[in-house]
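Student: I should like to look closely at one part of this structure. Could you please guide me through a single helix and its surroundings?

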Amino acid sequence: MSVHPPLSTTPEAPAPAVATPEHEKTDPQDVRGFPSTIGGFVYLGVLTAAIVGLGLVGFGHWRVGIIVLAAGVGAASLGRAVLRTKDAGMLAVRNRWFDVALLALTAGALWILAVTVPGE
């Protein structure tokens, strides 16, 4: 007894062409650019600050790198505070003020750690 269906020696008929539903068709003028929201530009700036900051940390300038990272997270907090949820893009994760508070606290903690840790 086999669990597989028997093999057919006749070729299968090609699948019928499926038309795209009307609601899924896009007008070339409606196609969004990259990034599609103002928050997307802020997000790219924060990502750039994170990469630069981590690069500085990797090259031994950890204090400056962490301050750059804190500035990027602070910019994300400011961007989330001033942009509507519709325009915030990937900055919008939870409730607006929860996002702002969490990002601001993270930026503040990074900055405080960077300027108070002794050494170098």
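Tutor: Let us take helix H4, whose buried residues have H2 as part of their cover; helices here are DSSP runs of H or I with at least four residues, numbered from the N terminus. The model is predicted, so local features need pLDDT of at least 70 and side-chain atom pairs count only at pLDDT 80 or more, while totals for chains, interfaces and linings use all residues. Residues are numbered from 1 along each chain as its sequence is written, and side-chain values use heavy atoms, with hydrogens and water left out.

The setting comes before the detail. The protein chain has 4 helices and 0 strands, and along the sequence these follow the pattern α-α-α-α.

Now consider the length of H4. Its 21 residues should span 30 Å at 1.5 Å a residue, and the end C-alpha atoms are indeed 30 Å apart, which agrees; the expected span is 1.5 Å times one less than the number of residues. At the N-terminal end, Asn-95 acts as a cap, with a side-chain oxygen 2.9 Å from the backbone nitrogen of Trp-97.

The two sides of H4 may be compared next. Asp-99, Val-100, Ala-107, Leu-110 and Ala-114 are its buried residues, where buried means under 20% relative accessible area, exposed over 50%, and partly exposed in between (1.4 Å probe, protein chains only). These buried residues cover an arc of only 105 degrees around the axis, so they lie on the same side of H4; the arc is taken from the directions from the helix axis to the C-beta atoms. On the face turned away from that buried side are the exposed residues Trp-97, Leu-105 and Leu-113.

One buried residue, Asp-99, has a relative accessible area of 3%. Its side chain makes a polar contact of 3.0 Å with the side chain of Arg-80 (a pair of N or O atoms within 3.5 Å, one able to donate a hydrogen and the other to accept it; residues adjacent in sequence count only if both atoms are side-chain atoms).

Finally, H4 takes part in a core. The largest nonpolar core has 6 residues, namely Ala-50, Ile-66, Leu-69, Ala-70, Leu-110 and Ala-114; such a core joins buried Ala, Val, Leu, Ile, Met, Phe, Trp, Tyr and Cys residues through side-chain atoms within 4.5 Å. Helix H2 (62-82) and helix H4 (96-116) each supply at least two residues of this core, and H2 gives the most, with 3 residues.

Terms used
Contact means heavy atoms within 4.5 Å.
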